[in-house]
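User: Hi! I would like to learn how to read a protein model feature by feature. Could you take me through one?
Analyst: Gladly. Let us put it on the screen and start with a single residue.

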Amino acid sequence: MNSPTDPLRILIASSHPLFAQGISSLLEKRPEMDTEVVGMVSTIDEAMNALQNLNPDLVIVDYDDDQVNREEFLARFVEGEGRLRVVLFSLKEGGDEAIVYDRRTMAASQIEDWLDGWSQPADELDPHPVEPDLVPKQPKRRDSMRHIIFAGLLVAVLIVGSYFLLTTIELLPEQASLQAIPIDDLFRVDFIAIAVLFSLIVGLMLYSIIVFRRRKGDDSDGPHIEGNTKLEVVWTLVPLIFVLFLAYYGSAALGKTTAADPKPLRMDVVGSQWSWRFEYPDYGIISTDMVMPVNKQALLNLSSTDVIHSFWVPEFRVKQDLLPGDDFERELRVTPIEIGEYKLRCAELCGRDHYNMLAPVTVLSQADFDAWVQAQTGSVSDDPVVRGEAIAQQYGCLACHSKDGSELAGPTWAGVFGSEEALDDGTSVTVDRAYIIKSIREPGIQVVAGYQNIMPAGIGADLTDEQIEDIIAFIESLQ
Ligand code: CUA
């Protein structure tokens, strides 16, 4: 063992010559410190040899050098036989600052004081080579338990509170169909997931902000933590299991909402810009109102005459797009379970009057529904004007053409028959029987000036010649 008057013999463990240069120049700047760099090693074997030959007092290990196994150096020299003083050192660029062991940054003047401590004989020092206040404070076990319990309580309270809020503010409308039940069960699982995730994130964040805030005058870094296998396994497995559960649960719910009754009520639902039409092929009824018997599954065949629309009655929960084209009919099954009045909305942005593409939905008892069917089928008027108005209503014509002169998406029908209208190509036309038939059968050829060409192209194919004659009689009557 060297006497206190001998120079402090320093061994450098690094594979980078620059590191040794940096340390040497740091020491040279302080000649009053009696030190001597006796060698440089990069492996533990070289270090063992150097220990024999060079008799160092202090080993400075390059913290940033991956080739040097610092754990091994600490184990062999500090805990092991040598009981040599070892220090981990990280040099900063410029060489005026250094980071020691726990990555605390020291100014040049502090390094001097700190190195001073190393010129004492080894046996007068604490067997642990790093000064106590440089060692990151390990939280005591009891402290961590306390934090876990308090933070856990906070998270639990937040979960209960946010779930209570989500389920009591009535986010969901009335549950009016059989298909709504499994969907609401899914919503409930969603609400639980939202409450748990929100509380876990916000709760732990709030707790950390308050309890682990930086106190006045404390400018030290936090402990350097690298990895936690247990935690990583938990936060991978728990979400994985939850997502698998959701996949199973979602598929089961999908199965329930699409389950088919053997004898449903067949309905064709046709969407047009911007109206709805409901056809009952078993009864020969066409209606602008959606009327359904309670507790009987309706099988809806959905189609569109122009653009994409979307069938959505919020109380029924299920929703389905209506696509244009004969090959794109879509099916939807709805079993109403509550008698009442609802509203069908279009849930796909489909143009100017999308917001107003609504239809009343009425769920009746079976007896009332039968009476409605009777009333619809028993009363075909022998007045073509009355029939024409009903057809214009059912096919959505009146959604765009007013009968009282008010301005809608298309020209009004009030007083139009027999009038002279300017067209968008600069010519003009007399609105007569021939022009009306042409406009229905081939819309877009002679468009009235000032209006867009948005008449549904397929509408003509849906109407018979007799129906068009009735519509003409109705238009003629609007003088
Ligand atoms: Cu049809 Cu929006």
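User: Is F150 buried, partly exposed or exposed?
Analyst: Please keep in mind that this is a predicted model. The label depends on relative accessible area: under 20% is buried, over 50% is exposed, and partly exposed is in between. F150 has a value of 46%, so F150 is partly exposed. The residue sits in helix α5, which covers residues 141–168.

User: Which residues form a nonpolar patch on the surface with F150?
Analyst: The other members are M145, I148, I149 and L153. Taken together with F150, they offer about 510 Å² of accessible area.

User: How does that fit into the whole protein? What share of the residues is buried, and how much accessible surface is there?
Analyst: Of the 479 residues, 38% are buried. The accessible surface comes to about 27,400 Å², and carbon and sulfur atoms account for 56% of that area. As for secondary structure, the protein has twelve helices and 18 strands. You can also look at sequence separation: among contacts between residues at least 6 apart, 67% join residues at least 24 apart.

User: Let us turn to polar side chains. Is Q297 buried or exposed?
Analyst: Q297 has a relative accessible area of 3%, so Q297 is buried. You will find Q297 in the loop that connects β10 (290–293) with β11 (298–304).

User: What does the side chain of Q297 reach?
Analyst: For a buried polar group, a useful habit is to look for N or O partners. Here the side chain of Q297 comes to 2.9 Å from the backbone oxygen of A259. A polar atom of that side chain also lies 2.8 Å from the backbone nitrogen of D261. Beyond its neighbours within four places in sequence, Q297 has contacts that include Q179, A260, P264, L265 and R333.

User: Can we try the same reading on a helix residue? Where does S199 lie, and is S199 buried or exposed?
Analyst: S199 lies in helix α6. Its relative accessible area is 0%, so S199 is buried. A polar atom of the S199 side chain lies 2.6 Å from the backbone oxygen of A195. Leaving out residues up to four places away in sequence, S199 touches V155, L158, I159, S162 and L204.

User: Strands next. Which side chains of β15 point to the buried face?
Analyst: The general idea is that side chains in a regular strand alternate between the two faces of the sheet. In β15 (residues 340–346), G340, Y342, L344 and C346 point to one face and are buried. E341, K343 and R345 point to the other face and are not buried.

User: How many bridges join β15 to β12, and how many to β16?
Analyst: Two bridges join β15 to β12 (residues 309–312), and these strands run antiparallel. One bridge partnership is F311 with C346 of β15. With β16 (residues 358–364), β15 pairs over six bridges, also in the antiparallel sense. There, E341 stands opposite T362 of β16.

User: How many salt bridges does the structure hold?
Analyst: There are ten. For each one, check the N to O distance, then the sequence separation, then the burial. R317 and D184 form one of them, at 2.8 Å from N to O. R317 is in the loop between β12 and β13 (319–322) and D184 is in helix α6 (residues 180–211), so the pair ties together parts that are 133 residues apart in sequence. R317 is buried at 11% relative accessible area, and D184 is buried at 5%.

User: What is the closest distance between N and O atoms for R387 and D470?
Analyst: For this salt bridge the distance is 2.9 Å. The pair links distant parts of the chain, with R387 in helix α9 (residues 384–394) and D470 in helix α12 (residues 465–477), 83 residues apart. R387 is partly exposed at 27%, whereas D470 is buried at 9%.

User: And are E279 and R277 buried or exposed?
Analyst: E279 has 18% relative accessibility and counts as buried. R277 is buried too, with a relative accessible area of 4%. These two residues form a salt bridge, with the closest N and O atoms 2.9 Å apart.

Terms used. Residues numbered from 1 in each chain as written. Predicted model: local features only at pLDDT ≥ 70, side-chain atom pairs only at ≥ 80, totals over all residues. Heavy atoms only, no water. Patch = residues over 30% accessible without salt bridge, like charges linked within 9 Å, V, L, I, M, F, W, Y side chains within 5 Å. Areas by Shrake-Rupley, 256 points an atom, 1.4 Å probe, with all protein chains shown as cover. Salt bridge = Lys/Arg side-chain N within 4 Å of Asp/Glu carboxyl O. Helix = DSSP H or I, 4+ residues; strand = E, 2+ residues; numbered from the N terminus. Buried < 20%, exposed > 50% of the residue type's maximum accessible area, 1.4 Å probe, protein only. Polar contact = N/O pair within 3.5 Å; in protein donor to acceptor, adjacent residues only side chain to side chain. Contact = heavy atoms within 4.5 Å. Pairing = 2+ DSSP bridges.
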